[in-house]
Amino acid sequence: IWAIGISLVSLAVLYFFFNKTYMGKAVTACVVNPFAARLMGIQPRKMSFGAIVISAGLGALAGIIIAPISGASYDMGVMIGLKAFIAAVIGGLTNAPAAIAGAFIIGILE
């Protein structure tokens, strides 16, 4: 239950970040059109670095959450990555809420 809670809190934080903060909107603008973002004064290289930092932090958080549940081993990432990819395909690769619903479906079926 604590893993679901941490996941929902991190999802809410990401939603707030990308929809309500200047930096989140700048990252989104760089993803949609880097040239137009550069014309508006946003530096796409800095935004790319910020996106990499955020994704590394989320990966670390995911590892911290999943290690006590499944037990850490040297090859545990293959099956977890495969399940995550299947969940994203079930929900749709461009629709984040549907991908989360796909992850819950995979979790329930497992």
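A pocket here is an open set of grid points, on a 1 Å grid over the protein atoms alone, with protein on both sides within 12 Å along at least five of seven lines. By that yardstick, the second largest pocket of this predicted model comes out at a volume of about 160 Å³. Its lining is made up of Leu14, Phe18, Val27, Thr28, Val31, Ala51, Ile54, Ser55 and Leu58. Three helices each put in at least two residues: H1, H2 (22–32) and H4. H4 has the largest share, with 4 residues. Sorted by class, this lining holds 7 nonpolar and 2 polar residues, and no charged ones.

Then there is the largest pocket, which takes up about 1,800 Å³ of space. It is lined by 40 residues, and those closest to its centre are Ser7, Ala62, Ala84, Ile100 and Ala103. Helices H1 (2–20), H4 (44–70), H5 (76–91) and H6 (96–109) are the elements that give two or more residues to this lining. Here H1 gives the most, with 11 residues. As for chemistry, the lining of the largest pocket splits into 29 nonpolar, 9 polar and 2 charged residues.

H1 and H4 turn up in the linings of both the largest pocket and the second largest one, and these two helices also pack against each other. Their axes come within 10 Å and cross at roughly 170 degrees. Angles over 145 degrees count as roughly antiparallel, so H1 runs roughly antiparallel to H4. On the H1 side, the residues that meet H4 are Trp2, Ala3, Ile6, Ser7, Ser10, Leu14 and Phe17. Their partners in H4 are Ile54, Leu58, Leu61, Ile65, Pro68 and Ile69. The contact counts 11 nonpolar and 2 polar residues, with no charged residue in it. Some of these residues do double duty: Leu14, Ile54 and Leu58 belong to the H1–H4 contact and also line the second largest pocket. Ser7, another member of the contact, is one of the residues closest to the centre of the largest pocket.

Over in H2, Ala26 is worth a quick look. This residue lies in helix H2 and has a relative accessible area of 3%, so it counts as buried, the cut-off being under 20%. Setting aside neighbours within four places in sequence, Ala26 is in contact with Ile42 and Met47. Ala87, by contrast, sits 61 residues from Ala26 in sequence and 28 Å from it in space, C-alpha to C-alpha.

Definitions and conventions:
Residues are numbered from 1 along each chain as its sequence is written. This is a predicted model: local features need pLDDT of at least 70, side-chain atom pairs count only at pLDDT 80 or more; totals for chains, interfaces and linings use all residues. Side-chain values use heavy atoms; hydrogens and water are left out. On a 1 Å grid over the protein atoms alone, a cavity is a set of points where a 1.4 Å probe fits but cannot get out, and a pocket is an open set with protein on both sides within 12 Å along at least five of seven lines; lining residues have an atom within 4 Å of a point. Grid points are joined across faces, edges and corners, and a volume is the space filled by probe spheres set on the points. Ala, Val, Leu, Ile, Met, Phe, Trp, Tyr, Cys and Pro count as nonpolar, Asp, Glu, Lys and Arg as charged, and the others, Gly among them, as polar. Axes are lines fitted to C-alpha atoms, for helices over the stretch in contact, and angles run from 0 to 180 degrees between N-to-C directions. Angles under 35 degrees count as roughly parallel, over 145 as roughly antiparallel, 65 to 115 as roughly perpendicular and the rest as oblique. Contact means heavy atoms within 4.5 Å. Buried means under 20% relative accessible area, exposed over 50%, partly exposed in between (1.4 Å probe, protein chains only).
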